[in-house]
Amino acid sequence: MPDCLFCKIVAGEVPAKKVFENDDFVAFKDINPQAPTHLLLIPTKHIPGLSSAEDADAAILGRLQLLARDLAKQGGLSDGFRLVTNNGRGAGQTVDHIHYHLLAGRRLMWPPG
Ligand code: 5GP
Ligand code: ZN
């Protein structure tokens, strides 16, 4: 297994408040939430970031977005939500295992900082 924080969360070696888990995906609460709802959605497969995703990962990436849809519906996020992936240090990526931030529960400004 790569020496990766999110792989360790998948494996249960690092604790996290998981809200969804199956063989292919995990969703858990961000440790430093930027909104009343702030979840991280990840594939269990270690993909470092969107830049290194392959065409063969298309189904994983598509289903990850549909998981966001489902979690937003289950969470009653009817007023809107934002799905964000930071790719690369310049964009604020700090954990090199692809993840989508699901943010909601406050007014989300545009453009982002
Ligand atoms: P990035 O900056 O790569 O887009 O997002 C990484 C996110 O992971 C950050 O929002 C950060 O708060 C979150 N994070 C970092 N370490 C941990 C951890 O140990 N547990 C959880 N639940 N979230 C973490
Ligand atoms: Zn990983």
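**Entry 1. The sheet**

I began with the strand order and found an open sheet of 5 strands, arranged β1-β2-β3-β5-β4 with antiparallel pairing. I then asked which strands stand at the edges. They are β1 (18-21) and β4 (82-84); each has a single partner strand, so one side of each is left without a neighbour in the sheet. I also looked up the twist: on average, neighbouring strands are turned by 20 degrees against each other, direction ignored. I note here that the model is a predicted one.

**Entry 2. The helix on the sheet**

I next looked for what packs on this sheet and found helix α2, residues 58-74. Helix α2 touches β1, β2, β3, β4 and β5 (100-104). The direction of α2 makes about 150 degrees with that of β3.

**Entry 3. Strand pairs, one by one**

I started with β1 and β2, which pair in the antiparallel sense over 3 bridges. These two strands form a hairpin, with 3 residues between them. Within this pair, I recorded Val 26 of β2 as the bridge partner of Glu 21.

I moved on to β2 (residues 25-29) and β3 (residues 37-43), which run antiparallel and are joined by 5 bridges. I followed the register along this pair. Val 26 has Ile 42 as its bridge partner in β3, Ala 27 stands opposite Leu 41, and Lys 29 is partnered by Leu 39. Val 26 thus appears twice in my notes, with Glu 21 and with Ile 42.

I then took β3 and β5, an antiparallel pair with 5 bridges. Leu 39 has Leu 102 as its bridge partner in β5, and Leu 39 is also the β3 partner of Lys 29.

**Entry 4. Burial of the strands**

I asked how many residues of β2 are buried. The count is 4 of the 5, so β2 is largely enclosed by the rest of the structure. For β3, I found 6 of its 7 residues buried, and I recorded this strand as mostly covered.

**Entry 5. Cysteines**

I searched for disulfides and found 0 in the structure. I then asked whether Cys 4 is buried or exposed. Cys 4 has a relative accessibility of 5%, which falls under the 20% cut-off, so this residue counts as buried. Cys 7 is likewise buried, with a relative accessible area of 7%.

**Entry 6. Surroundings of ligand 1**

I counted 15 residues around ligand 1, and noted that the closest are Asp 30, Asn 86, Gly 92, Thr 94 and His 101. I then listed individual atom pairs. A polar side-chain atom of Asn 86 is 2.9 Å from an oxygen atom of the ligand. Thr 94 has a backbone N or O atom at 2.7 Å from an oxygen atom of ligand 1. For Ile 31, a backbone N or O atom lies 3.3 Å from a nitrogen atom of ligand 1.

**Entry 7. Gln 93**

I closed with Gln 93, which I located in the loop between β4 and β5. Is Gln 93 buried or exposed? Its relative accessibility is 5%, so Gln 93 counts as buried. A polar atom of the Gln 93 side chain lies 3.0 Å from the backbone oxygen of Val 95. Setting aside neighbours within four places in sequence, I found Gln 93 in contact with Pro 48, Gly 49, Asn 86, Asn 87, Gly 88 and His 99. One of these contacts, Asn 86, is also listed among the closest residues to ligand 1.

Key
Residues numbered from 1 in each chain as written. Chains lettered and ligands numbered in written order. Predicted model: local features only at pLDDT ≥ 70, side-chain atom pairs only at ≥ 80, totals over all residues. Heavy atoms only, no water. Disulfide = S-S within 2.5 Å. Buried < 20%, exposed > 50% of the residue type's maximum accessible area, 1.4 Å probe, protein only. Pairing = 2+ DSSP bridges. Axes fitted to C-alpha atoms, helices over the stretch in contact; angles between N-to-C directions. Contact = heavy atoms within 4.5 Å. Near = heavy atom within 4 Å. Polar contact = N/O pair within 3.5 Å; in protein donor to acceptor, adjacent residues only side chain to side chain.
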